Amino acid sequence: MTPATEDLWFLPLGGTGEIGMNLNLYGHDGAWLMVDCGVTFKRTGEPGPQVQMPDPGFIVERRRQLQAIVVTHAHEDHVGAVAHLWPKLRCPVYTTPFTAEILKRKLAEAELLGIVPLRIVAPRSRLTVGPFDLEWVNLTHSTPESQALVIRTGAGTVFHTGDWKLDPDPVVGPVFDRQRFEALGDEDVLAMVCDSTNATVPGRSPSEAALYRGLKAQVAGAPGRVVIACFGSNVARLHTLAKLALHTGRHAGLLGRSLRTYHRAAVAARVWDDRFRFIDSRDLGYLPRHEVLAIATGSQGESRAALDRLASGTSRDFDLEPGDRVLFSSRVIPGNEPAVAALVDRLGERGVDVVQDEDCAEPIHASGHPAREELADMYRWVRPRTAIPVHGEDRHMAAHAALARELGVDRQLVGRNGDLFMLAPARGLRRGAAATGRLGLERDGLRPIAPRPETLTTG
């Protein structure tokens, strides 16, 4: 299956019909381009390895046609599989400076640093890779330098959004450029391949900057230690929490490897404000309780994460005591509800005051994905001929397609991993065109594993 000169194809091998594990292929003129190469993590109680990723068998068989991997941003579900799968693919990898800092650390662990051809491109760059003319476009999301891609070919143009939201005050990085999206609307975009995560959510996602007041109210009112659980990749949230510690007379420390990794990458990529510093986490236990603000991994109830160790009394840094407060500045990823509920119960048994976003009068968490009004804005600006919902389960993609239909988009193509979306010369969907599956990361390498029930092709 090789695309001809007049063909423009989209073929997802991961991330369509599920949230996480994104791996997308574009085909044109005898060549393929991969956009993102990510992992997912098994849910509590599921069998199989902790780290899982798409089986790239389809493109491995055609790797001489694969021009490059382009990584849109630094979240694990978009970049986490590169170091594991690259030996099967052996092509250049393009990404922006912050994501490159994260990727370098992964490549070093895999003993591939200096071997993988890593091409660092500035945000808003434009260059040619094989028959693909690529333009990187700034978008706001919950990790720095998140980029959309305009993919221009001789057969037409696709706008691949990656993960995004429309944040008027993102704390870190530039505000989104509405005029750039409106200009795309004059280019006759064949298709917009777009994030569906919050397509069922009305309104707009809160701005990162809007969280400071709610978080400050919770921290200022706490008599003991405060532990804030959040996603390690959200550098803007780390800025907000470091600023909050400074303004409330507390000392901030990072508990968890991923938090430290993303902070160091932000410093190296010069997207960190040097006014804000963290103390060594080992010093937190020596401070008066009312001076402690600990930022911890483990908001999804992950076993052996920093928050899990605090809840079980096995943290090397300090012990939680009655009157301490734990804030969940995060959302629960679908499927993790039982693990999070069990973690909250264990914290409560220690006499800890647990606060979640839904408990607060003002928000303490903001999603990095667009709610329905933001999706509507993007469709009005870009005006694509075809809507292709991705990055969501069936209910998210169905809601996304219905919204696009209401907005007058000519056609909506809703498929699953392995389906071939034909965009030119004629539009259509070929179900099950490519075999898909999962690989699990074991100590001795990768092995095929059974998919989750919701990822099975429905035909």
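Reader: Which residues do ring pairs link into a cluster?

Author: Phe159, Phe176, Phe181 and Trp381 are linked that way. Bear in mind that this is a predicted model.

Reader: How many aromatic pairs turn up in the whole structure?

Author: A search of the whole structure gives nine. In one of them, the ring centres of Trp32 and Phe58 are 5.5 Å apart and the planes stand at 90°, so that pair is edge-to-face.

Reader: Where do those two sit in the chain?

Author: Trp32 is in strand β3, residues 31–37, and Phe58 is in helix α1, residues 57–60. They are 26 residues apart, and the pair links distant parts of the chain.

Reader: Buried or exposed, those two?

Author: Trp32 and Phe58 are both buried.

Reader: Back to the cluster. What's the geometry between Phe159 and Phe181?

Author: That pair is tilted, with 6.0 Å from centre to centre and 55° between the planes. Phe159 belongs to strand β12 (residues 156–160) and Phe181 to helix α5 (residues 178–184), so the pair ties together parts 22 residues apart in sequence. Phe159 and Phe181 are both buried as well.

Reader: OK, charges over rings. What lies over the face of Phe58?

Author: Arg62 does, at 3.9 Å from the ring centre. There's another case at Tyr212, where Lys243 lies over the face at 4.9 Å from the ring centre.

Reader: Tyr212 is in α6, right? Which residues of that helix are buried?

Author: Helix α6 covers residues 211–220, and its buried residues are Leu211, Tyr212, Gly214, Leu215, Gln218 and Val219.

Reader: And what covers them?

Author: The cover includes helix α7 (235–248). It also includes the strands β14 (226–229), β16 (292–296), β17 (325–328) and β18 (353–356).

Reader: Switching to strands. Why call β6 largely enclosed?

Author: Because four of the five residues of β6 (residues 66–70) are buried, the strand is largely enclosed by the rest of the structure.

Reader: How does β3 run relative to β6, parallel or antiparallel?

Author: Parallel, with three bridges joining β3 to β6. Trp32, from the edge-to-face pair, has Leu66 in β6 as its bridge partner. Strand β7 (residues 93–95) also pairs with β6 in the parallel sense, over two bridges. There, Val70 stands opposite Tyr94 in β7.

Reader: What about the open sheet of four strands, what's its order?

Author: The order is β4-β5-β23-β24, and the pairing is antiparallel. Its edge strands are β4 (40–41) and β24 (445–449), each pairing on one side only.

Reader: How many bridges between β5 and β23?

Author: Three, in the antiparallel sense, between β5 (residues 51–54) and β23 (residues 438–442). Pro54 has Arg438 in β23 as its bridge partner.

Reader: Now Asp377. What does it touch?

Author: Leaving out residues up to four places away in sequence, Asp377 touches Leu166 and Arg204. It is in helix α11, residues 372–382.

Reader: Why does Asp377 count as buried?

Author: Because its relative accessible area is 14%, and buried means under 20%.

Reader: And Glu349, buried or exposed?

Author: Glu349 counts as exposed, at 69% relative accessibility. It lies in helix α10, residues 337–349. Between Glu349 and Pro322 there are 9.2 Å in space, C-alpha to C-alpha, although they are 27 residues apart in sequence.

Reader: Zooming out, how many helices and strands does the chain have?

Author: The protein chain has 12 helices and 24 strands. Its C-alpha trace spans about 70 × 50 × 40 Å along the principal axes.

Reader: What radius of gyration does it have, against a compact globule?

Author: The chain has 22 Å, which agrees with the value near 23 Å for a compact globule of 459 residues. Of those residues, 60% count as buried. Taking contacts between residues at least 6 apart in sequence, 74% join residues at least 24 apart.

Reader: Last thing, what's the average pLDDT?

Author: The average is 95 for the protein chain, with 98% of the residues at 70 or above. Over residues 454–459, though, pLDDT is below 50. That stretch still has 11 contacts in the model beyond near neighbours in sequence.

Conventions: Residues are numbered from 1 along each chain as its sequence is written. This is a predicted model: local features need pLDDT of at least 70, side-chain atom pairs count only at pLDDT 80 or more; totals for chains, interfaces and linings use all residues. Side-chain values use heavy atoms; hydrogens and water are left out. pLDDT is the predictor's confidence in each residue, from 0 to 100. Contact means heavy atoms within 4.5 Å. Rings of Phe, Tyr and Trp (its six-membered ring) pair if their centres lie within 6.5 Å; planes under 30 degrees apart count as stacked, over 60 as edge-to-face and the rest as tilted. Buried means under 20% relative accessible area, exposed over 50%, partly exposed in between (1.4 Å probe, protein chains only). A charge sits over a ring if NZ of Lys or CZ of Arg is within 6 Å of the ring centre and within 35 degrees of the ring normal. Two strands pair if DSSP finds at least two bridges between them. The radius of gyration is taken over C-alpha atoms; the globule rule is 2.2 Å times the number of residues to the power 0.38.
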